[in-house]
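Trainee: I would like a close look at one part of this molecule, and I would be glad if you set that part in the context of the whole chain. Please take your time over it.

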Amino acid sequence: MVSLASSQVIEICKDAAGIAGNIFAFGLFLSPMPTFMRIMRNQSTEQFSGLPYIYGLLNCLICAWYGTPLVSPDNLLVTSVNSVGAVFQLAYIVLYVMYTEKEKKFRMFGWILAVFGLFAIIVIGSLFILELELRRVIIGTLSCASLISMFASPLLIINLVIRTRSVEFMPFCLSLSSFLMSASFLLYGIFSFDPFIYVPNGIGTLLGVVQLLLFAHYRNSSREDSAEGLIVSYS
């Protein structure tokens, strides 16, 4: 009886953490909006790169596949957040292609085909693995590696903040959303006993704390007018 009650409490906590993570993720998905408003206003992608959104799309697709019942049980909240993330990333890519130069258009189309081709290989290849646990381990390892590399991308921003002693290129809302989402899915992974979720999100939570501490330390030395020349993409 006690064991049943404990498992129910854990399940409720897990669902609450997953729902919170889905909500906080919207802050990350919306973070590139100012950049794309500038692109649409200027009718040009200028020196901005579209590759972060290509990588973000691939990351979301892999993680969404990991959350499906065909790979791991009872992880639909992982699929939902990454499915929404994939839609956002694809929308940003379409906008980028609309306003970029002709040469870059063909290059972006090539990257898009490569992403969906690689994802198709991952999905079809994993379905040939009949043992569900082995399939979960392989796809989980891929999603874990993808998430860790994504969470490592703020290291460049952290280095920039320390060098310039300014948080001009590290928006507070983005750092806070990243921390809250990572912390939520860290708890979700712990309650799920799933290392493929709590390990990368634990790293993301730690990096989020570092960013918030840096923001608190350097915010007074930052310039009031923030430049828009740096794109940071999360998914």
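Mentor: What follows begins with the chain as a whole and then turns to helix α8 and its surroundings.

Please keep in mind throughout that this is a predicted model. The chain has 9 helices and 0 strands, and, read along the sequence, its pattern is therefore one α element after another, α-α-α-α-α-α-α-α-α. For 235 residues a compact globule would have a radius of gyration near 18 Å, and the value for this chain, 19 Å, agrees with that. The C-alpha trace spans about 60 × 45 × 25 Å along its principal axes, and 44% of the residues count as buried. Among contacts with a separation of 6 or more, 80% are between residues 24 or more positions apart.

With that background we can go to helix α8, which covers residues 172-192. Two of its residues, Leu-180 and Ser-182, make a useful pair. Ser-182 is buried, with a relative accessible area of 0%, whereas Leu-180 is partly exposed, with a relative accessible area of 27%; the wording follows from the cut-offs, because buried means under 20% and exposed means over 50%, with partly exposed in between.

What surrounds Ser-182, once its neighbours within four places in sequence are left aside? Its contacts are then Phe-151, Asn-201, Gly-204 and Thr-205. Of these partners, Asn-201, Gly-204 and Thr-205 have numbers that fall within α9, the helix of residues 195-218. A position far from Ser-182 in sequence can also be far from it in space, as Ala-114 shows: the two are 68 residues apart along the chain, and their C-alpha atoms are 28 Å apart.

Leu-180 offers the opposite case, since its C-alpha atom is separated by 6.3 Å from that of Phe-24, although the two residues are 156 residues apart along the chain.

Just after helix α8 comes Phe-193, which lies in the loop between α8 and α9. Phe-193 is not a glycine, yet it has a positive phi of about 55°, and with a relative accessible area of 65% it is exposed. A second residue with a positive phi that is not a glycine is Asp-74, where the angle is near 55°. Asp-74 sits in the loop between α3 and α4, the latter covering residues 76-99, and it is partly exposed, with a relative accessible area of 45%.

The mention of α3 leads to the interior of the chain. The largest nonpolar core has 52 residues, and those that touch the most other members are Trp-65, Ile-93, Val-161 and Met-170. Helix α3, residues 51-66, provides the largest share of this core, 10 residues. Beyond its neighbours within four places in sequence, Trp-65 has contacts that include Leu-70, Phe-119, Ile-122 and Ile-139.

Helix α5, residues 102-127, holds Phe-109, which is partly exposed, with a relative accessible area of 45%. Phe-109 and Ile-203 are 94 residues apart in sequence, and their C-alpha atoms lie 32 Å apart in space.

For the outside of the chain, the accessible surface comes to about 12,100 Å², and 74% of it belongs to carbon and sulfur atoms. The chain carries 13 positive and 13 negative charges, whose mean positions are 8 Å apart.

Key
Residues are numbered from 1 along each chain as its sequence is written. This is a predicted model: local features need pLDDT of at least 70, side-chain atom pairs count only at pLDDT 80 or more; totals for chains, interfaces and linings use all residues. Side-chain values use heavy atoms; hydrogens and water are left out. Helices (H or I, at least four residues) and strands (E, at least two) are DSSP runs, numbered from the N terminus. The radius of gyration is taken over C-alpha atoms; the globule rule is 2.2 Å times the number of residues to the power 0.38. Buried means under 20% relative accessible area, exposed over 50%, partly exposed in between (1.4 Å probe, protein chains only). Contact means heavy atoms within 4.5 Å. Accessible areas come from the Shrake-Rupley method with a 1.4 Å probe; for residues, only the protein chains shown count as cover. Lys and Arg count as positive and Asp and Glu as negative; His and the chain ends are not counted. The place of a charge is taken as NZ of Lys, CZ of Arg, CG of Asp or CD of Glu. A nonpolar core is a set of buried Ala, Val, Leu, Ile, Met, Phe, Trp, Tyr and Cys residues joined through side-chain atoms within 4.5 Å.
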